[in-house]
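Reader: I would like a close look at a single part of this structure. Please keep it brisk and give me the cut-offs.

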Amino acid sequence: LDRAPQHEAVLASEFGAVFKTAGTYLVKITAGRTNVKGWPRILQVIPGPVAPARCTIKNGPAADAAGSPLNDIQADSPVSILLRARDDFGNFRSEGGDMVQCMLLSSRDHQVHAEVVDLEDGTY
């Protein structure tokens, strides 16, 4: 008795998502009400590249009472501000390595390059 070749039914499905918020997600795939083999899985979404327009400046020790980090600085006093890097969606960057520069320009066109310290956690 000859048997006809058996073919396994293969069902394919695609799904996609765009994650705008960095964080940990549980991805669950079911068929009917049963988890598909190997699922659910943990997905870690990391922040995207730095977006300069979304970065924020926080007050350093030289901030005045109004919250502006660079008002009425006394000569020969250290100035400190903190830049917090963000991606296009406003997520804080969690690692360093971004190219961050700071330059001070006087009214006499005198330029002073400030030291930028990479804290390796998305802050400079």
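Author: Here is a look at one loop residue, followed by a surface patch and an aromatic pair.

This is a predicted model, where local features need pLDDT of at least 70, side-chain atom pairs count only at pLDDT 80 or more, and totals for chains, interfaces and linings use all residues. Residues are numbered from 1 along each chain as its sequence is written, and side-chain values use heavy atoms, with hydrogens and water left out.

Start with Asp98. It sits in the loop between β6 (81-84) and β7 (102-105). Strands are DSSP runs of E, at least two residues, numbered from the N terminus. Asp98 is buried, at 16% relative accessible area. Buried means under 20%, exposed over 50%, and partly exposed in between, with a 1.4 Å probe and protein chains only.

Which residues is Asp98 in contact with, leaving aside neighbours within four places in sequence? They are Val50, Ala85, Arg93 and Tyr124. Contact means heavy atoms within 4.5 Å. With Arg93, the side chains also make a polar contact, at 3.1 Å. That term covers N or O atoms within 3.5 Å; within protein, one must be able to donate a hydrogen and the other to accept it, and residues adjacent in sequence count only if both atoms are side-chain atoms.

Now strand β6 itself. Ile81 lies there. Ile81 is partly exposed, at 31%.

Last, the aromatic rings. The whole structure holds 1 aromatic pair. Phe19 and Tyr25 form it, tilted, 4.7 Å centre to centre with 55° between the planes. Ring centres must lie within 6.5 Å; planes under 30 degrees apart are stacked, over 60 edge-to-face, the rest tilted. Phe19 is partly exposed at 34%. Tyr25 is partly exposed at 26%.

Methods:
Helices (H or I, at least four residues) and strands (E, at least two) are DSSP runs, numbered from the N terminus. Rings of Phe, Tyr and Trp (its six-membered ring) pair if their centres lie within 6.5 Å; planes under 30 degrees apart count as stacked, over 60 as edge-to-face and the rest as tilted.
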